[in-house]
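Please open the model in your viewer, switch to a cartoon representation and keep the selection panel at hand. The tour moves from one selection to the next and says what is found at each stop.

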Amino acid sequence: MFASEEALRLDEQYVIHTYGRYPVEFVRGEGAILTDAGGNEYLDFLAGIACLSLGHSHPALVSALNEQVGKLWTVSNYFHEENRGEYARLLSELLASTTDEMGHITGKTDTVWKTFFANTGAEANEGAFKLARRWGEKHLNGASGILTARKSFHGRTLATLAATGQDVFHKSFRPLPAGFDSVELNNIEALVHALDHPTSETGPVCAVMLECIQGEGGVWPADLDYLRAVRAECKARNILLIVDEVQTGVFRTGAPFAFQRAGIEPDVVTVAKGVAGGFPTGAVSARAEVADLLVPGDHGSTFGGNALAVAAGRACLSTLVEENVGEHVIEVGEYFATRLAEVPHVAEVRGAGLMRGAQLDVPRATELVELGLKRADAKRRGVVLNHIGDSVLRFLPPLIVTKEQVDELCDVLCELLG
Ligand SMILES: Cc1ncc(COP(=O)(O)O)c(C=O)c1O
């Protein structure tokens, strides 16, 4: 474990401490391996919190960014830009895929998806709220409420905090924007009741917003039947279904998008994190009928869809498809789930593909993350893990992680927990 004295000092003195940071300074990454400032190696099972979909320094992304960085960075959204349209087209193609419940691609719908490019997941979700409110204005007599799920996480801006169904994130920051409330996940009666009897928090509802697997909440999957029932309920009421795929999106669960495993089609989908392989970009996509409700002047973002971001996004999506990464994720993800279930003190394995949570029967998750980092030295690799509370380990490795690396990680977990 290593961070230079200077890095620690500068951070302590000049950086706002909204994050508790581990005393490790990473200086290089390749594939699923990180190297710290002391030359020690770590197996990365966090991938920048689900961002490095192709791993660190993938040649396709390095060359796309290198080429673009010497050419053009940003020209504003007032002008056309070489890769923006193709990036949006690739997203549309992936959003139109159909899959089976495992995530294997089975075909394609003829839906055309249109995209607004943002920079982060929270900003993508803000765009989704605007689409929903515009839909309510146009089709639902001004209904403006947005229902989400308890334990959800949708971001840190004030509106996305209001959408986040976890009170712990709300306190100290009130008043939050009005019009949001949450109901229990996987309880269709609770959702129907909330839609039939809108609370004073939401008023009449124009959209339901869900994660297919709640990541920050502790890796809690929505049942596929629940997703189907929510889709039907929204359709019957002409309410939008927004799926937040910021963490689950773009092959993280094996399918291009996690909603596809339920055989449903949402009205609006948001992405960020892994969509450009770790380069900061977010996006909100919608069926044309919904997307076309926003017209020039309604929404914007100076850096959204800038030349570097769309070059990275285009390269990332085409590489994910060309290298058939989805099938790899399904295979390695299933193997990982089996191996995890054999680790001592793992009581339950949740999630899909390479988004997995291990529920421990001992409150040791916080300590395990520290031990995983501390074991790095000249002879042994460390492991980069993540915990949610003290009893859940969350795993979000690069999507190109190998079975051998899964074995290496599980051997370390057995050593630490045995
Ligand atoms: C499901 C989900 N939505 C939104 C966000 C917010 O994304 P960002 O941090 O890029 O704003 C996150 C971040 O963890 C997330 O997991």
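The stops below take in a sheet, its two edges, a helix lying across it and the surroundings of the ligand in this predicted model.

Begin with the sheet, which is open and consists of seven strands in the order S6-S14-S13-S12-S9-S7-S8, with mixed pairing. Its edge strands are S6 (113-118) and S8 (180-183), each of which pairs on one side only, and neighbouring strands of the sheet are turned against each other by 20 degrees on average, direction ignored.

Next, select residues 145-149, which make up strand S7, and add S8: the two strands run parallel and are joined by four bridges. Within this pair, Leu147 stands opposite Asp181 of S8.

Then go to the other edge and select S6 together with S14, which run antiparallel and are joined by six bridges; one place to look is Trp113, whose bridge partner in S14 is Arg287. Although S6 is an edge strand, five of its six residues are buried. Adding residues 84-95 brings in helix H4, which lies across S6, S13 (268-271) and S14 (282-287) and runs at about 125 degrees to S6.

Finally, select the ligand and the 14 residues around it, of which Thr120, Gly121, Ala122, Gly155 and Val246 come nearest. Helix H5 (residues 121-139) supplies the largest share of this shell, with three residues. Coloured by class, the shell shows seven polar, four nonpolar and three charged residues.

Methods
Residues numbered from 1 in each chain as written. Predicted model: local features only at pLDDT ≥ 70, side-chain atom pairs only at ≥ 80, totals over all residues. Pairing = 2+ DSSP bridges. Axes fitted to C-alpha atoms, helices over the stretch in contact; angles between N-to-C directions. Contact = placed C-beta atoms within 7 Å. Buried ≥ 20, exposed ≤ 12 C-beta atoms within 10 Å, placed from the backbone. Near = placed C-beta within 6 Å. Nonpolar A, V, L, I, M, F, W, Y, C, P; charged D, E, K, R; others polar.
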